[in-house]
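Open the model in your viewer and keep the sequence panel beside it. This tour goes from one selection to the next and says what is found at each stop.

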Amino acid sequence: MSRPQVWSYLLLLLSLGGIGYAAVTDQQVLLAGSALMLGMVTWPLGGLARWLSPVVYAAAFVASLTLPGNRPDLLELLGALLLIGGLGYITLREQGSTHELAWQRNTIAALRAGSERLAEARDADAIIRAGIGILDKLQVAPNMAFVAYRQGTPHILAARGVFEAFLDRPIHPSDSDSRSVQADHWVAEEVLALLKKPQRRSYHVAPVYGRASTHLGVLILTRDTETPFDEDETSVIASFARLLGAQLGQWNAIRELRDANDLTLRSLGAALERRDDDTGGHTNRVVSGSARLARRLSWADDQVKALRWGAYLHDLGKLAIPDSVLHKRGPLDPEERRIIQTHTTVGYDMLQDLHFLPAETLDLVRYHHERWDGTGYPAGLRGPNIPDTARLFSIVDVYDALTNARPYKPAWTRERALNEIRMQAGRQFDPQYVEAFLRMMAEQDDAHLVL
């Protein structure tokens, strides 16, 4: 036992002894002083221990009144009542302050941990789940749901407590009148109706808005007690709704920007194709094939996106190639071949001002004609020194070029093209990527046979 604990116990015994002695001998001043000392000793213990001093003092004072010959005057009674009331008031006030402090600390801790999860979230669903996790740590209500629209219909996208049984469930009006499901109060009514009455004795509804007051969803919290949500709780919920709305709004803005970038690059790729490919469809085919192969190799979404953008733009540099070279029927002479090979570096240079393009996209544009054995261009890179996006894309690009007619050659059969890809493993192409590509194509054939 530590020295401070020993002193606490000694003071506790001394205070109780003083109260007992004062009650027996009718020493009201000593009784009051001992009660105050007891309060100081028990105060750090918190909880019910803080009530020990006023309760023991009241009991001792009443006991002292029963002693023979003890007739307290009015001032003694008034003093005792004032002391008991004062001790009780201080205890109530400090307990309220302690509760408020604990609530503030819990709120700060929950928001700190939750903000880290929100920052790490990579999509809207992850942001919503992280948000509900913050509310759960705040312990403002055992049951909560976040409702938002998917294709025009409200769905419960995240939940805690009894709402979890209805996760991902669409919310439809329970009657056939003309009221709009776009109104929060109707949506909240339908969601609350999913619960039994004892599970929603008290509830709170908080709308969630994003940028420019865009409606993003609604938070619904319920309790199985009649205790209403107090001002502090509703204030914290509202602050959290604003935080969640800001995060969701930012993610939606980034997604819209990415979609716009993707559409722009896709349109640019289609425009390039019209100049270089008489048959059409090359860009869409290589983008689709590359993305499927990358997902088969378990590439991350950001890397697949960089690959897709690079596939759209891989022949951008051919804008600088003269038509006489680009559309020449028959073999190219050495000078013409040198000119056509510049399209990789020219395209790379043309994209330098598009700062939103990731490095993997630029690598694909510059290096998609490098060869595994080091005999490619423009840098003569060898093996794994060739960027991943360029290594993967080159297989799909060559396969599509072989199986489709060009001004200088007829289309090859599928079997002949696949055999050529297989033979070039370890020469022109990464052997592991070739193996994955051939498996993908074989599975595609099997799927066609089943259909």
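The stops below cover a sheet, aromatic rings, charges over rings and salt bridges.

**Before you start**

This is a predicted model, in which local features need pLDDT of at least 70, side-chain atom pairs count only at pLDDT 80 or more, and totals for chains, interfaces and linings use all residues. Residues are numbered from 1 along each chain as its sequence is written, and side-chain values use heavy atoms, with hydrogens and water left out.

**Stop 1: the sheet**

Select strand S2 (153–160) and strand S3 (202–209), the edge strands, each of which pairs on one side only. Then add strand S1 (residues 143–150) and strand S4 (residues 215–223). Strands here are DSSP runs of E with at least two residues, and helices are runs of H or I with at least four, numbered from the N terminus. Two strands pair if DSSP finds at least two bridges between them. Strands of a sheet pair through backbone hydrogen bonds, either parallel or antiparallel.

In what order do the strands of the open sheet lie? The order is S2-S1-S4-S3, with four strands and antiparallel pairing. On average, neighbouring strands of this sheet are turned by 25° against each other, direction ignored. The axes behind that angle are lines fitted to C-alpha atoms (for helices over the stretch in contact), and angles run from 0 to 180 degrees between N-to-C directions.

Now look at S1 and S2, which run antiparallel and are joined by seven bridges. Pick Val147: its bridge partner in S2 is Ile156. Between S1 and S2 there are two residues, and the two strands form a hairpin. Select Gln151 in the turn, which has a positive phi of about 55°.

On S2, colour the residues by accessibility. Buried means under 20% relative accessible area, exposed over 50%, and partly exposed in between (1.4 Å probe, protein chains only). Six of the eight residues of S2 are buried, so this strand is mostly covered.

Go next to S1 and S4, an antiparallel pair with five bridges. Met144 stands opposite Leu221 in S4.

**Stop 2: aromatic pairs**

How many aromatic pairs does a search of the whole structure find? It finds three. Rings of Phe, Tyr and Trp (its six-membered ring) pair if their centres lie within 6.5 Å; planes under 30 degrees apart count as stacked, over 60 as edge-to-face and the rest as tilted.

Select Trp299 and Tyr433. Their ring centres are 6.3 Å apart and their planes stand at 65°, so the pair is edge-to-face. Trp299 is in the loop between helix H8 (282–296) and helix H9 (301–313), while Tyr433 is in helix H16 (residues 431–450), so the pair ties together parts 134 residues apart in sequence. Trp299 is buried at 12% relative accessibility, and Tyr433 is buried at 9%.

Move on to Trp309 and Phe356. Here the centres are 5.7 Å apart and the planes are at 85°, so this pair is edge-to-face. Trp309 lies in helix H9 and Phe356 in the loop between helix H12 (343–350) and helix H13 (359–367), so parts 47 residues apart in sequence are tied together. Trp309 is buried at 2% relative accessibility, whereas Phe356 is partly exposed at 37%.

**Stop 3: charges over rings**

A charge sits over a ring if NZ of Lys or CZ of Arg is within 6 Å of the ring centre and within 35 degrees of the ring normal. Select Arg223 and Phe229: the charged end of Arg223 sits over the ring, 4.0 Å from its centre. Then select Arg366, which lies over the face of Tyr348 at 4.7 Å from the ring centre.

**Stop 4: salt bridges**

Side chains of opposite charge can pair when their charged atoms come close. A salt bridge is a side-chain nitrogen of Lys or Arg within 4 Å of a carboxyl oxygen of Asp or Glu. The count comes to eleven salt bridges.

Start with Asp315 and Lys318, where the closest N and O atoms are 3.4 Å apart. Are these two residues buried or exposed? Asp315 is buried, with a relative accessible area of 12%, and Lys318 is buried at 13%.

Next, select Arg439 and Glu435, a salt bridge with its closest N and O atoms 3.0 Å apart. Both residues lie in helix H16, four residues apart, about one turn of the helix. Arg439 is partly exposed at 40% relative accessibility, and Glu435 is partly exposed at 47%.

Finish by selecting Asp388, Arg391 and Asp430, which are joined into one network by salt bridges that share partners. Within this network, Arg391 and Asp388 meet at 2.3 Å, N to O.
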